[in-house]
Amino acid sequence: MARIGIQTKDNGILAALASAIVRQPAASLQELASAVGISKATLYRFCRTREQLIERLTTHGVQLIGEAIAASGLDTASPREALRRLIVNNLEQRELTTFLIYCRNQGASEDFGDEAGWDIALDAFFLRGQREGVFRIDMPAAMLTELFVAMLLGLVEAERRGRVARAGLAATMESAFLKGVAADEAT
């Protein structure tokens, strides 16, 4: 399975800082450093101000999610395999996804998906899957993109709040997306 780049120590620290900001939105840099187990000096090597940290985390999140999408093989793998990779790769970036959700909820003006080209890539993927008979054709590809993104974001947030377990989340999301949640075919 295609995976995005090797997780470096900096990536781990940035993911932890993203989670800390979501958990403690009013925390100072010192409090954030303490929350993730690093010194204030180490945090200052990353960013000297809270605004710089938010900007760096946003840029980093957009980059890694873009890499997760690119590594999914949306153009080359079978639609089912690409969907599986897309889910797994995006769930690997759950901390940064949660952070980007937080930014949007705080009034960030950016539409990360639109500006980064994610919407275009996903729309093309779902359209290809429709043409190959894998995805239903009674909904526009853009609607499938929105359903996928809403499901992913909702489940990442529900996991963060402790409402759903991490174990098996990727398989559950894939099944629910492909088959819906009806108890049987007749419903």
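Helix 5 (residues 79-91) and helix 10 (residues 169-179) pack at an angle of about 135 degrees, and their axes lie 10 Å apart. Helix 5 is therefore oblique to helix 10, a term for angles that are not under 35 degrees (roughly parallel), over 145 (roughly antiparallel) or 65 to 115 (roughly perpendicular). The axes are lines fitted to C-alpha atoms, for helices over the stretch in contact, and the angles run from 0 to 180 degrees between N-to-C directions. The model is predicted: local features need pLDDT of at least 70, side-chain atom pairs count only at pLDDT 80 or more, and totals for chains, interfaces and linings use all residues. Residues are numbered from 1 along each chain as its sequence is written, and side-chain values use heavy atoms, with hydrogens and water left out.

Helix 5 passes helix 10 in a right-handed crossing, meaning that the near helix is turned clockwise from the far one by less than a right angle; anticlockwise would be left-handed. On helix 5, the contact (heavy atoms within 4.5 Å) is made by Arg80, Leu83, Arg84, Ile87, Val88 and Leu91. Helix 10 contributes Leu169, Ala170, Met173, Glu174, Phe177 and Leu178. By class, this contact has 9 nonpolar, no polar and 3 charged residues. Here Ala, Val, Leu, Ile, Met, Phe, Trp, Tyr, Cys and Pro count as nonpolar, Asp, Glu, Lys and Arg as charged, and the others, Gly among them, as polar.

A further helix pair is formed by helix 4 (residues 50-70) and helix 6 (residues 94-105), whose axes come within 9 Å and cross at roughly 125 degrees. Helix 4 and helix 6 are therefore oblique to each other, and helix 4 passes helix 6 in a left-handed crossing. The helix 4 side of the contact consists of Ile54, Leu57, Thr58, His60, Gly61, Val62, Leu64 and Ile65, and the helix 6 side of Leu96, Thr97, Phe99, Leu100 and Cys103. By class, there are 9 nonpolar, 4 polar and no charged residues in the contact of helix 4 with helix 6.

The protein as a whole has 10 helices and 0 strands; helices (H or I, at least four residues) and strands (E, at least two) are DSSP runs, numbered from the N terminus. Buried residues (under 20% relative accessible area; exposed is over 50%, partly exposed in between, with a 1.4 Å probe and protein chains only) make up 41% of the 187 residues. Of the contacts with a separation of 6 or more, 62% involve residues 24 or more positions apart. The protein exposes about 10200 Å², of which carbon and sulfur atoms supply 53%.

Two leucines are described in more detail below.

| Residue | Relative accessible area |
|---|---|
| Leu17 | 0%, buried |
| Leu32 | 0%, buried |

Leu17 is placed in helix 1 (residues 9-23), and Leu32 lies in helix 2 (residues 29-36). The two are 15 residues apart in sequence and 6.7 Å apart in space, C-alpha to C-alpha. Leaving aside neighbours within four places in sequence, Leu17 is in contact with Leu32, Val36, Leu43, Leu53 and Leu57. Between Leu17 and Leu43 there are 9.3 Å in space, C-alpha to C-alpha, and the two are 26 residues apart in sequence. With the same neighbours left aside, the contacts of Leu32 include Leu17, Ala20, Ile21, Leu43 and Leu53.

Terms used. Areas by Shrake-Rupley, 256 points an atom, 1.4 Å probe, with all protein chains shown as cover.
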